Amino acid sequence: MEHLLQFYAIYGSVINFIGINALLALSLNVTLSAGMLSLGNAAFAAVGGYTAGILSLRFGFPYVASLAGGTCAAGLVGLVIGLPVLRLKGVFLAMATLAFGEVVRLAAVNLDVTGGAEGLTGIPNVTTTWMIYLVLAAAAYFIAMLRRSRLGWGLVSMREDETAASSLGIPVTYYKAVAFVIGAMLAGLAGGMYAHLNYLITPRDYGFFIAVDLLIYNIVGGTNIWYGPILGAALLTALPEVLRGAGVTAGPIRMGINGLILLLVILFLPNGLASLFARRRSSAVKAGA
Amino acid sequence: MDLLLQQLINGLFIGSVYGLFAVGYTLVFGVLDMLNLAHAAIFTLGGLIALWLVETAGVSLWLAFPMACVAAGLLGLLLNQVAFAPLRKRSDSQFSGLISSIAMAIIFEAAALGLFGARSVRFPVGTVPTHTWQIAGITITLLQVGIVCVAASLMVILTLFIGRTRTGKAIRAVGENERAATLLGINVNGIIAFTFFVSSALGGAAGILFGLYFNNLTPDMGRSIELKGLAVIILGGMGSIPGAILGGLAFGLSEVLTVAITGTSNLRDAVAFAVLFAILLIRPSGLLGRGKTREA
Amino acid sequence: MKLVGRALMGVVIGIFLLSAVATTAFSASFKMGFVFSMTGGAAVYGASQKEGASLAVDQINAAAGSGLKIIPIFEDDASVPQQGTNVFNKLINGNKVSIIIGPTLSNTAKITDPIAQKAGVPVLAISNTISGITEIGDYIFRDSLTENVVIPHTVKVAKEKLKLKKVAILYGNDDAMTKATYEVFKKVLKSSGIQILGEQTFAKGDRDFSPQLTQIKAQNPDAIICGALAEEASGIISQARQLGIPKTVRIIGGNGFNSPGLIKNAGAAAEGVIVGAAWNISSTAPLNVKFVNDYTKKYKHAPDQFAAQAFAGVHIAYQAAKASNGGSDRKALRDAMAKIKNLDTVLGRFSFTEGRDANHIGVVQEIRDGKFVVLGN
């Protein structure tokens, strides 16, 4: 018990960040499962985070109300942005959402209400580990259910072949918009919780490289199953600290090993880390059949 | 009037730098339909290798330039072998290629950091002549003219190469349809490797010119231009070489004109990305894109 | 899934136990944690800081004999606040350090320092220059002069010597430090009755500043006030001269300008640049001369302000540890830190203010013949 407490004292923040990053990764997974690559989820997290932070800080909203406000604001922005950009495909969608993300980040840098480059300081520090994991569990359950729903099947079939899906009567545009908004809301929720974890949020917490990180979590973990993004986020968030614990302290070497592990996973585990578990199960299913 | 003219010249210059960077980006995309996010890291290494050759190995710049370009090209071959070739047959190659190129970018940047240190370094004073012309209140430097000329001539040479030569035609064939190209007896793997070599050598050349002009090389200098490079190839039309140069110029001009018109620079980047967003909505194939809407 | 989880937990606990065994310290030493940005965007500054701090630790330990020694633990926060948080928790609860020196970036400090304050671990900031750092709590100290101290002084000296009437400002608006520089400059310029003709901004990582400088040139200011770090400053200076802004239009910078790298990268264009700084490389105080020589000998390049402040920081913390019976008691170490008075350091005679900020004299320098020389005090 004592060791466990000690472990938490040292790695509690890593555990928190894993939870937040996993939540963000899940938010991206909703659109990825439909084959849509969005680089805008970091920006949605920024919208949620700044909204929730401002509600708490300037208007004295209680925590849950601030989170709800952040989530809804992100969803609303998602809807407004989503309707025009969702006709784009592949890399073009990625670039449009990336441009949107940059505009959001630059707005945060230039506006007074967001505190500019110094960020929004003094946000009450109320998010705790159990809250993060409660929300993560609920989100994971939601995503797992979603995948089994009509909407979920529709999204997967759109990834395989959009034209065919459309001719089978799947309302492609509507489904896309719903997926996009759900993703935005989840990201906004994660952003709001993150804002209340750290005393401070700055525009740099939500830049291009963060958006790319979310994609990396998904691909490394595996996009085909609900726990894939969670695994990816856990591994990659913990990796720098594990390397640190293993005594790899020199900056460039640690950075290089980080890159190397990412490369090895992507090369040798085509369906991500999740395939390590799924493979066993699918072979069991085959044996049964 | 002087002011506006000077700003246009500034835009023309920085736009050529963006364009030069983006040409290599767009070349690989045209052939593979994959984004190579390690391009910025190769750009950085190109500049740093040339600097090492000039400063430590004592090679003259005129020799160091092509040597560093070849070195960058070889890094491109390595990149293709390690990060792209093994993934090509996979159904999710667009996404996984993106990630594996990011992994290689991290490894390259770590190598640059380990080998050259974090400090910003520059080419020794006098490596290139620093002649400046002052014409009617407007300032142009020799190096600026040189860089614009290099960008323009590379565009012409590459366009001719892709359009007229056998290899160029093979590159286009692979870009259009890999399977058909194989049936025509084209060595697809060879062509892809060659494309990576050319693309990375160009990236390295851009890095050297960038380092020479701004006198400030750091292991992470590719990061700030990476995002703009992406915007430029969208603007110009993915896969189009003249488009990349034109997109670079358009992006550079939009930056300086925002400053010139509003009088402040707060909105510079925001306007540039808002324009990108708008162009994607109005004309997703970009200024000179091939028109065909790509499959996801 | 469960098995993997348990195995992972086992590995992590194992690592923790190992580090606990390895750290059963002998009495005549104490642990000093360093949190620097050795990779990522701020790696330039982290590199200088690590060199300055290592030099101090090596010299102190070599001279200590059987006396009090420092066990240094260097950690890299990769210029990312999240990793800064992780590192602070590790140093405080895992390595059980007595004091933490760092972190490099002000924004990271705003997130990490409350953790140390809560745990009762003293922190000595050596490069955070924005306000609101030492206000976090009574365990937070800093040896870097804030822009609030350096800039009013710089403006006063520059106004006297150059008869400034109207200036233009250029600053990085997406970085906490350069933006703070700008805000202080703006306030001080206004109160000194100097007219601000216009404000231009740039973004971190920018290399091309000619559009902004072209606008500034057209406004014809007496001087250009610049909130930038050394990396960008060299580009700004050389491009200003290239665009034909005459040398009589001086460029004036804050803390971030104070780096030999600036002179090296900007070359001849750097002549005449005015820098408000916390540390004077050309000071002939014996301690400083020895530091500059030792540093240059060991690392083959001259130290900058970041290195000097790190070097001084280690000495300040070491003095406090000696005064508090070996530094193993964090509370006693904190109290001893607060009592540091007139300590001879490379920064000059050093004391902390009531608010635990640096209290020593800043210096206004100009670059002449490729060297920093004192313009006025």
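**Exercise 1. A salt bridge in chain C**

With which residue does E183(C) form a salt bridge?

*Solution.* The model is predicted, so local features need pLDDT of at least 70 and side-chain atom pairs count only at pLDDT 80 or more, while totals for chains, interfaces and linings use all residues. Residues are numbered from 1 along each chain as its sequence is written, chains are lettered from A and ligands numbered from 1 in the order in which they are written, and side-chain values use heavy atoms, with hydrogens and water left out.

Step 1. The criterion for a salt bridge is a side-chain nitrogen of Lys or Arg within 4 Å of a carboxyl oxygen of Asp or Glu. The partner of E183(C) is K179(C), with the closest N and O atoms 3.7 Å apart.

Step 2. Both residues belong to helix 6 of chain C and stand four residues apart, about one turn of the helix. Helices (H or I, at least four residues) and strands (E, at least two) are DSSP runs, numbered from the N terminus.

Step 3. Accessibility is read on a scale where buried means under 20% relative accessible area, exposed over 50%, and partly exposed in between (1.4 Å probe, protein chains only). E183(C) has a relative accessible area of 37% and is therefore partly exposed; K179(C), at 13%, is buried.

**Exercise 2. The surroundings of R268(B)**

Determine where R268(B) lies and which residues it meets.

*Solution.* Step 1. R268(B) is part of helix 11 (residues 268-282) of chain B. Because its relative accessibility is 4%, R268(B) counts as buried.

Step 2. Contact means heavy atoms within 4.5 Å. Leaving aside neighbours within four places in sequence, R268(B) is in contact with E255(B), T258(B) and V259(B), and also with A203(C), D206(C), D208(C) and Q212(C).

Step 3. The side chains of R268(B) and D206(C) are joined by a polar contact of 2.5 Å. Such a contact is a pair of N or O atoms within 3.5 Å; within protein, one must be able to donate a hydrogen and the other to accept it, and residues adjacent in sequence count only if both atoms are side-chain atoms.

Step 4. R268(B) also meets D269(B) in a salt bridge of 3.0 Å, N to O. D269(B) counts as buried because its relative accessibility is 11%.

**Exercise 3. Two interfaces of chain A**

Describe the interface of chain A with chain B, and then that with chain C.

*Solution.* Step 1. Buried area is the accessible area (1.4 Å probe) that two parts lose on being put together, summed over both. Between chain A and chain B it is about 3,600 Å², with 83% from carbon and sulfur atoms. The contact involves 37 residues of chain A and 41 residues of chain B. F92(A), M95(A) and M255(A) supply 17% of the area that chain A buries against chain B, more than any other three residues.

Step 2. Zero salt bridges are counted between chain A and chain B, and three residue pairs are in polar contact (both at pLDDT 80 or more). Helix 4 of chain A gives the most to the side that touches chain B, with 12 residues.

Step 3. Between chain A and chain C about 3,300 Å² is buried, 59% of it on carbon and sulfur atoms. Here 36 residues of chain A are in contact with 36 residues of chain C.

Step 4. The rule finds two salt bridges across the interface of chain A and chain C; R244(A) forms a salt bridge with E75(C), with the closest N and O atoms 3.1 Å apart. There are 11 residue pairs in polar contact (both at pLDDT 80 or more). Helix 1 of chain A gives the largest share of the side of chain A that touches chain C, 11 residues.

**Exercise 4. The length of a helix**

What span should the 15 residues of helix 3 of chain C have at 1.5 Å a residue?

*Solution.* Step 1. The expected span is 1.5 Å times one less than the number of residues. For helix 3 (residues 81-95) of chain C, this gives 21 Å.

Step 2. The end C-alpha atoms are 20 Å apart, which agrees.

Step 3. In helix 3 of chain C, 15 of its 15 residues are buried. Just after this helix, K96(C) takes a positive phi of about 55°.
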